[in-house]
Amino acid sequence: MHATKILVPQITGQYNQMTLTHIVQNGAKVGAGDPIASFDATAQMDAARDANAKFDDLGHQTDQKRAQNRSDAEKRATDLLQAEADLVTARIELRKARC
């Protein structure tokens with residue numbers, strides 16, 4: 001019989017407590033690639049879902065800011081054109097008043 005010491009990986013972060021859901025019996029024969037233990041991944045799946053939702057929300061907020069910035073830039077351009085037209089009109093009126 002061949003025995004191998006198995007080291008459990010250290011899990012760091014917010015969800016470092018995991019529930020063991022399955023482990024092979026002591027002395028059971030396993031082959032290469034056979035799972036020897038499994039853990040409940042519910043907390044990690046919830047965290048991934050929450051992170052994806054936050055990512056999507058931030059993406060939408062970014063899109064809204066870009067649209068608002070484009071709208072503001074177009075408004076400023078329109079205001080500038082109007083101000084330039086008003087200046088031309090004022091100069092014409094000033095010339096008329098001088099004559």
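**Exercise 1. Place His-22 in its surroundings.**

Solution. His-22 is partly exposed, with a relative accessible area of 41%, where buried means under 20% relative accessible area, exposed over 50%, and partly exposed in between (1.4 Å probe, protein chains only). This is a predicted model, in which local features need pLDDT of at least 70 and side-chain atom pairs count only at pLDDT 80 or more, while totals for chains, interfaces and linings use all residues. Residues are numbered from 1 along each chain as its sequence is written, and side-chain values use heavy atoms, with hydrogens and water left out.

The next step is to locate the residue: His-22 belongs to strand E1, strands (E, at least two residues) and helices (H or I, at least four) being DSSP runs numbered from the N terminus. Leaving aside residues up to four places away in sequence, His-22 touches Ile-36, Ala-37 and Ser-38, contact meaning heavy atoms within 4.5 Å. Finally, the C-alpha atoms of His-22 and Phe-39 lie 6.9 Å apart in space, although 17 residues separate the two in sequence.

**Exercise 2. Describe the overall architecture and state how confident the predictor is in it.**

Solution. Begin with the elements: the protein has one helix and two strands, and along the sequence they follow the pattern β-β-α. Next, consider pLDDT, the predictor's confidence in each residue on a scale from 0 to 100; its mean for the protein is 88, and 85% of the residues reach 70 or more. Among the elements, the lowest mean pLDDT (86) belongs to strand E2 (residues 37-39), and the highest (95) to helix H1 (residues 42-98). Where pLDDT is low, the predicted coordinates should not be read in detail.

**Exercise 3. Determine how much of the protein is covered, and find a nonpolar patch on its surface.**

Solution. Of the 99 residues, 1% count as buried. The protein exposes about 9,400 Å², of which carbon and sulfur atoms supply 56%; such areas come from the Shrake-Rupley method with a 1.4 Å probe, and for residues only the protein chains shown count as cover.

Turning to the patch, Leu-20, Ile-23 and Phe-39 form one that is nonpolar, with about 280 Å² of accessible area together. Patches are made of residues with over 30% relative accessible area and no salt bridge, like charges being joined within 9 Å and nonpolar side chains (Val, Leu, Ile, Met, Phe, Trp, Tyr) within 5 Å. Leu-20 sits in strand E1 (residues 20-23) and is partly exposed, at a relative accessible area of 42%.

**Exercise 4. Which residues are linked in a network of salt bridges, and how are the paired residues spaced in helix H1?**

Solution. Side chains of opposite charge can pair when their charged atoms come close. Taking a salt bridge as a side-chain nitrogen of Lys or Arg within 4 Å of a carboxyl oxygen of Asp or Glu, the count comes to four.

Asp-46, Arg-49 and Asp-50 are linked in a network. Within it, the closest N and O atoms of Asp-46 and Arg-49 are 3.0 Å apart, and these two residues are separated by about one helical turn because they stand three residues apart in helix H1. Asp-46 is partly exposed, at 30% relative accessibility.

Further along, Asp-63 and Arg-66 meet in a salt bridge (3.7 Å, N to O); being three residues apart in helix H1, they too are separated by about one helical turn.

The last pair to examine is Asp-79 with Lys-75, whose closest N and O atoms are 2.8 Å apart. Both lie in helix H1, four residues apart, about one turn of the helix. Asp-79 is partly exposed at 38% relative accessible area, and Lys-75 is partly exposed at 48%.
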